[in-house]
Amino acid sequence: QGPNDELGRLVATLNDMLDSLESAYRELAESHAAQKRFVADVSHELRTPLTTIRGNIALIRKMGDAEPQIREEALADIASEAERMSRLVSDMLVLARADAGLTLQLQPTAVQPLIEQIKRQAKLLAKDINFQVHMETACEKTLIMADPDYLRQLILILLDNAFKFTAANGTVELAVKCGGDQVEVAVKDTGMGISPAELEHIFERFYRSDKSRPVGGTGLGLSIARWIAAQHKSQITVESTVGQGSVFKVTLPVINENTLHLDHD
Ligand code: ADP
């Protein structure tokens, strides 16, 4: 127990402190850079539809009276760009809340009514696509810990993508398994598929593959879905084959009656 020991310990402690300070600083700098990039991307994404809206207004002013056909087309463009802006803003709001550290309040949630509700909403998005829901009978009695509104949003994001990237007459299936100690929700499509190179990026904010540009999403859906899954202590897995289709899966732990009982004590 000489003074050397003490000095050694002191140096070691200081070293540790310095290490954690450095890594905290590095994280801060990284998140600051990420925030800056996000704000830049956001203003770019919002400016593009605004430019289109302005251009169309100018067009209507100039020739709207003489050319009713042009006026109608310009108005339709304005309406769809405004729609796009409002989707962007609401998606960005979710991500801003996530960045601000929002944590979801999970509560015991019955699987079956949640899936029924999703089924009703998804039917409206399906258009010409054959949409099927398969839910195991065990789901009738199954409870999971979830924030039902956000979990519904997650599954609808996956379904919306499946519809968007599948040609008319293709099939989209929502399959829910409740047999084991996990509920597995799978969204399967017979659409265009995702290449391995694209797969690395699809969960990034604003990422859209070149071929999906015409489809007109925000590129934020899967970043939101990933955050919601993480809030449910889960992850989204993807398997995809170009030209054949994709399967997105998320698994959620089941609450059995014992756990529920303990929670209430
Ligand atoms: P968005 O759908 O608004 O473009 P997302 O973050 O939801 O943004 O998806 C990012 C990209 O991942 C899409 O633009 C598309 O390239 C690809 N993608 C997502 N889901 C599918 C799918 N089911 N089939 C094919 N590609 C998909």
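Here are some worked exercises on the predicted model shown above.

## Exercise 1: Confidence

Find which element has the lowest mean pLDDT and which has the highest.

*Solution.* Start with the overall picture: the protein has a mean pLDDT of 89, and 94% of its residues reach 70 or more. The model also scores ipTM 0.98 and pTM 0.84. Now go element by element. Helix 7 (residues 257–264) has the lowest mean pLDDT, 57, while strand 4 (residues 171–177) has the highest, 98.

## Exercise 2: The disulfide

Locate the disulfide, give its handedness and decide whether its two cysteines are buried or exposed.

*Solution.* There is one disulfide to look for. Cys139 and Cys178 form the pair, with their sulfur atoms 2.0 Å apart. Next, place the two ends. Distant parts of the chain are linked here, as the two cysteines are 39 residues apart. Cys139 sits in the loop between strand 2 (130–135) and strand 3 (143–146), and Cys178 in the loop between strand 4 and strand 5 (182–189). For the handedness, turn to the torsion about the S-S bond: it is about 95 degrees, so the disulfide is right-handed. Finally, both Cys139 and Cys178 are buried.

## Exercise 3: Helix 4 and the core

Work out which residues touch the most other members of the largest nonpolar core, and which helix gives the most to this core.

*Solution.* The largest nonpolar core has 51 residues, of which Leu154, Leu159, Leu174 and Val176 touch the most other members. Helix 4 (residues 148–164) gives the most to this core, with 10 residues.

Then look at helix 4 itself. Its 17 residues reach 24 Å from the first C-alpha to the last, close to the 24 Å expected at 1.5 Å a residue. The helix is mostly covered, with 12 of the 17 residues buried. Among these buried residues are Leu154 and Leu159, along with Arg152 and Asn161.

To finish, follow Val176 outward. Leaving out residues up to four places away in sequence, Val176 touches Val111, Ile115, His134, Met135, Glu136, Cys139, Val183, Glu184 and Val185. One of these contacts, Cys139, takes us back to the disulfide with Cys178.

## Exercise 4: Helix 6 and what follows

Determine how many residues of helix 6 are buried, and what they pack against.

*Solution.* Count first: nine of the 11 residues in helix 6 are buried, and the helix is mostly covered. The buried residues include Gly221, Ser223, Trp227 and Gln231. Their packing partners are helix 2 (68–99), helix 4, strand 6 and strand 7.

Move on to the end of the helix. Lys233 follows helix 6 and has a positive phi, near 55 degrees. Ser234 lies in the loop between helix 6 (221–231) and strand 6 (236–241). With a relative accessibility of 10%, Ser234 counts as buried because the cut-off is under 20%. A polar atom of the Ser234 side chain lies 2.6 Å from the backbone oxygen of Thr251. Beyond its neighbours within four places in sequence, Ser234 is in contact with Ala229, Val250, Thr251 and Leu252.

## Exercise 5: Three residues compared

For Thr218, Thr237 and Val254, establish the accessibility class and the contacts of each.

*Solution.* Take Thr218 first. This residue is found in the loop between helix 5 (196–199) and helix 6, and is buried at a relative accessible area of 7%. Its side chain makes a polar contact of 2.9 Å with the side chain of Asp91, and a polar atom of that Thr218 side chain lies 3.1 Å from the backbone nitrogen of Leu220. Contacts outside four places in sequence are Arg84, Arg87, Leu88, Asp91, Phe206 and Arg208.

Next comes Thr237, in strand 6. At 44% relative accessible area, Thr237 is partly exposed. Its C-alpha is separated by 6.6 Å from that of Val250, 13 residues apart along the chain. Not counting residues up to four places away, Thr237 touches Val247, Phe248 and Lys249.

Last is Val254, in strand 7 (residues 245–255). Val254 counts as partly exposed at 25%. The C-alpha atoms of Val254 and Ile144 are separated by 4.7 Å, although these residues are 110 residues apart along the chain. Again setting aside residues up to four places away, Val254 touches Thr142, Leu143, Ile144, Gly180, Asp181, Gln182 and Val183.

Definitions and conventions. Residues are numbered from 1 along each chain as its sequence is written. This is a predicted model: local features need pLDDT of at least 70, side-chain atom pairs count only at pLDDT 80 or more; totals for chains, interfaces and linings use all residues. Side-chain values use heavy atoms; hydrogens and water are left out. Helices (H or I, at least four residues) and strands (E, at least two) are DSSP runs, numbered from the N terminus. Buried means under 20% relative accessible area, exposed over 50%, partly exposed in between (1.4 Å probe, protein chains only). A polar contact is a pair of N or O atoms within 3.5 Å; within protein, one must be able to donate a hydrogen and the other to accept it, and residues adjacent in sequence count only if both atoms are side-chain atoms. Contact means heavy atoms within 4.5 Å. A nonpolar core is a set of buried Ala, Val, Leu, Ile, Met, Phe, Trp, Tyr and Cys residues joined through side-chain atoms within 4.5 Å. The expected span of a helix is 1.5 Å times one less than its number of residues. pLDDT is the predictor's confidence in each residue, from 0 to 100. A disulfide is a pair of cysteine sulfur atoms within 2.5 Å.
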